[in-house]
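Trainee: Could you take me through one part of this model up close? I'd like to hear about the histidine and the odd backbone spots.

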Amino acid sequence: MTDTSKATPTTIGRRTVLIATGATAASLAVAVAAPEALTAEAADTAPVAAAAVCTLTKEMTEGPYYLDGQLVRADISEDKTGFPLQLTLTVVDDDTCAPLGNALVELWHADALGEYSGFVGNNGHDEPDNGTFLRGGTLTDSSGVARITTVYPGWYRGRCVHIHVKVHTDVTLTSDGSFTGGQELHTGQLFFDEAITTRVAALSPYSANTVTRTTLAQDSIYDEGGAASGLLTLTALGGSPSAGYTGTLTLGVESS
């Protein structure tokens, strides 16, 4: 986890919005293969998304669970149980695809039981609530990359598995490890391959979620737009879902 408590104030001075990409020709070939031909391992590594290089994604609803003033940190998992999720989000110029550093990417999502910090109980489960778990953001490095560690999200009533994302510019880091000011330029959501979520949902601790799960196809927000609508490219970290996944997406930048 990055320690921002002693960071000097930093400003970010470019306008950014979100795009999605990452599907390769190989992944496209998997996506069109007959379902019965997919092995469990292939299902755990195949993004169901068409390439959308340097194409802006659609804005999507913020939802009811956003909280201001969250921490700037590379690991938002805290002590929450769940399968590891290592996100690599690359910020690029939407015209040239050149990487851009110092963009703040902020995430928030539900835990394995579908509960959001600050709102625990809304999904019918009782657990401690500190108002900060599975929330936070980090600045991109000089290569335009934001790496954030978390856990695979759970689901809540009426929604498929997803992560909320905002892109901010011109923020100032504060001495308490948070950020202030700046301009909010994009609000979107990141989505997960349904075959992978089905395997994850069958295992503990996710199987303890008592709420009926809405699938990706049933979701009222996801529009089946693939990567351009926020569908992550997922790769298994091991032979079992419990080993976790990497998730990649490209975040576009509008420089003027």
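Mentor: Here is a look at one side chain, followed by some backbone geometry. Keep in mind that this is a predicted model, where local features need pLDDT of at least 70, side-chain atom pairs count only at pLDDT 80 or more, and totals for chains, interfaces and linings use all residues. Residues are numbered from 1 along each chain as its sequence is written, and side-chain values use heavy atoms, with hydrogens and water left out.

Let's start with His125, which sits in the loop between β2 and β3 (135–139); strands here are DSSP runs of E with at least two residues, helices are runs of H or I with at least four, and both are numbered from the N terminus. His125 counts as buried because its relative accessibility is 11% (buried is under 20% relative accessible area, exposed over 50%, partly exposed in between, with a 1.4 Å probe and protein chains only). A polar atom of its side chain lies 3.0 Å from the backbone oxygen of Leu113. The His125 side chain also makes a polar contact with the side chain of Thr210, at 3.2 Å (a pair of N or O atoms within 3.5 Å, one able to donate a hydrogen and the other to accept it within protein; residues adjacent in sequence count only if both atoms are side-chain atoms).

Now the backbone. The Ser204 to Pro205 peptide bond is cis, with omega near 10 degrees, and Pro205 is in the loop between α3 (194–201) and β7 (233–236). Asn102, in the loop between β1 and β2 (104–108), has a positive phi near 60 degrees. Most residues other than glycine have a negative phi, and most peptide bonds are trans.
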